[in-house]
Amino acid sequence: PGALRVVCLVLICSVCMRGRPAEAVFGDQSGVESARLYGNINEYAYYFTDLLVGTKPQRVSVIVDTGSSLCGFPCEGCGHCGRHIDPPFAIDRSLSAQWIPCSAQCEGSCKEGVCTYTQSYTEGSSISGLWFRDRVQLGDALQQNPAVNATLGCHVDERKLFYTQRVNGIMGMAPHENSGRPTILQDLFVDRKHVNTGIFSMCLAEWGGKLSVGGYEPQYHRNDSQIQWIPLLHSGYYSVSPTELAMDGVQIASGVGSFGTSLVDSGTTFTYFPQQVFSRLNAALIAACTTSPGCGARREGADCWRMEGGATRPSRFPPLFMAFEGGAKVRWPPDAYLFQRSEPTLWCHAFADNGPDSDTVLGVSWMLHKDVIFDLRRSQLGVAEADCPEFRKAPGEKSSDFQVGPGVSKRPLVYTILLIGGTGVSFLVAVGVLVWLFYSSCGCCSKEGSYSQHFDREEHLNPDGSGSPDSSRQSP
């Protein structure tokens with residue numbers, strides 16, 4: 001029976017791994033650490049990862065935000081913190097945790113001899129707390145990334161979205177210090193023994209994706225997609241210079257001045273354009289989809305479209321193209337500038353008007369279905385179309401770990417056969433049933449680590465239940 005189980009486990013792995021790259025586990029020679037990303041636009045309005053913190057590692061979930069620099073999460077004893085995926089961090093349980101004492105280097109205020117911080121964000125939320133240092137591993141235990149000493153924030157107060165969001169905290173990755181403290185990205189780059197310095201990447205799927213520090217993972221790039229390299233400014237924030245926005249060869253906006261300063265911000269859900277650019281884009285899309293041959297959808301409300309003819313994807317919508325200084329031309333597909341709302345046939349705009357602000361924010365919706373590479377050494381942003389891995393359920397979420405679908409209820413039968421089978425006949429029966437079930441209904445074979453549980457996202461709505469799913473957590 002023991003040998004039988006081994007053989008069948010090999011079969012399980014070989015069937016489920018067919019057609020997709022294996023998930024990277026840290027190796028000393030690679031110089032790249034990777035971590036799973038979770039989240040999506042409609043149900044979460046952000047993407048997040050896990051950190052393992054302390055000598056007896058405690059898991060904390062954090063939004064991945066290239067538009068801010070603080071990395072922090074609630075600690076036990078927080079006076080005003082919400083209920084999140086993971087329990088509050090118990091700093092007393094970590095022998096390696098050290099409060100950062102007040103000193104000349106403490107740019108914030110002090111509380112009982114400990115350096116403090118307060119951070120506000122443009123949509124109105126805020127956090128405040130105490131600085132400390134501790135051992136941190138990027139991702140969960142599966143990735144086996146080495147621990148580094150990092151500067152972290154221990155929240156003692158959360159307001160608005162930080163209080164109501166599912167995720168515990170935030171991991172700011174912007175290229176500037178916070179209150180004189182190094183960012184977690186800078187702390188990771190200090191570990192030159194394990195990590196290549198000055199480069200990280202984010203590969204975002206519709207659900208989840210992959211964060212890589214020290215490099216990028218080309219196995220996710222589509223065969224016909226070359227990396228487009230764009231000049232990148234990274235003094236304070238990550239910014240690029242678009243020169244044109246076009247739809248099917250029709251120019252919508254041109255000239256660097258039309259876009260203002262353009263930030264690349266994974267902490268902002270939608271992509272925001274100056275008012276004139278937004279108006280032209282909106283008008284061009286309406287014109288393309290309301291005249292023959294159309295987009296296979298009808299308008300529903302001011303910024304949504306109802307797919308017709310049984311379609312559930314906006315495959316007939318025209319792609320957008322953005323050109324940048326340096327000559328790069330990046331495709332923005334319709335299943336990125338639109339997002340699927342609460343119904344399979346309802347898709348809404350994932351771009352918006354930046355109001356009186358004359359600048360552009362390239363948010364999550366612009367980064368979708370791409371591997372976006374931040375190469376700080378060469379001051380360039382790489383963009384490649386990619387089939388990024390999907391992860392739907394974070395480890396702390398309370399739901400089944402496996403995708404629910406027809407045939408899943410039969411899996412205990414397979415396990416029973418594997419356990420009691422010892423003869424050649426049982427072996428053949430087990431293999432036959434196993435292969436049939438996994439080819440016909442195995443959830444793990446469809447997408448890497450994907451899950452199907454959807455979660456309420458009411459925390460992103462206004463108190464009266466209205467509002468869009470956009471957290472718009474732009475740079476403070």
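Here are four exercises on this structure, each with a worked solution.

Keep in mind that this is a predicted model, where local features need pLDDT of at least 70, side-chain atom pairs count only at pLDDT 80 or more, and totals for chains, interfaces and linings use all residues. Numbering starts from 1 along each chain as its sequence is written, and side-chain values use heavy atoms, with hydrogens and water left out.

**Exercise 1. Work out the strand order of the open sheet of 4 strands, and say which strands stand at its edges.**

Step 1: Get the vocabulary straight. Strands (E, at least two residues) and helices (H or I, at least four) are DSSP runs, numbered from the N terminus. Two strands pair if DSSP finds at least two bridges between them.

Step 2: Write down the order. It goes E19-E20-E24-E23, and the pairing is antiparallel.

Step 3: Look at the ends. E19 (297-300) and E23 (338-340) each have a single partner strand, so one side of each has no neighbour in the sheet. From one strand to the next, the twist averages 35 degrees.

Step 4: Zoom in on one pair. E20 (residues 304-307) and E24 (residues 346-349) are joined antiparallel over 3 bridges. Cys 304 has Cys 348 in E24 as its bridge partner.

Step 5: Add the helix. H5 (residues 275-290) lies across E19, E20 and E24, at about 20 degrees to E20; axes are lines fitted to C-alpha atoms, for helices over the stretch in contact, with angles from 0 to 180 degrees between N-to-C directions.

**Exercise 2. Describe the surroundings of Arg 298 in strand E19.**

Step 1: Check its accessibility. Buried means under 20% relative accessible area, exposed over 50%, and partly exposed in between (1.4 Å probe, protein chains only). Arg 298 comes in at 43%, so partly exposed is the right label.

Step 2: List its contacts (heavy atoms within 4.5 Å). Skipping neighbours within four places in sequence, Arg 298 touches Cys 304, Trp 305, Arg 306 and Glu 308.

Step 3: Pick out the charged pair. A salt bridge needs a side-chain nitrogen of Lys or Arg within 4 Å of a carboxyl oxygen of Asp or Glu. Glu 308 and Arg 298 qualify, with their closest N and O atoms 3.6 Å apart. Glu 308 sits in the loop between E20 and E21, so the pair ties together parts that are 10 residues apart in sequence.

**Exercise 3. Trace the salt bridge between Arg 313 and Glu 206.**

Step 1: Take the distance. N to O, the side chains meet at 3.0 Å.

Step 2: Place both ends. Arg 313 is in the loop between E20 and E21 (320-324), while Glu 206 is in the loop between E11 (199-204) and E12 (209-213), 107 residues away.

Step 3: Compare burial. Arg 313 is partly exposed at 33%, whereas Glu 206 is buried at 17%.

Step 4: Put the pair in context. The count comes to 13 salt bridges. Another one joins Glu 217 and Lys 210 at 3.6 Å; Glu 217 is buried at 6%, and Lys 210 is buried at 1%.

**Exercise 4. Find the residues that touch the most other members of the largest nonpolar core.**

Step 1: Define the core. It is a set of buried Ala, Val, Leu, Ile, Met, Phe, Trp, Tyr and Cys residues joined through side-chain atoms within 4.5 Å.

Step 2: Name the residues. Of 86 members, those touching the most others include Leu 51, Met 171, Phe 273 and Trp 366. H5 gives the most to this core, with 6 residues.

Step 3: Don't miss the separate core. It has 20 residues, among them Phe 48, Ile 100, Val 167 and Phe 391.
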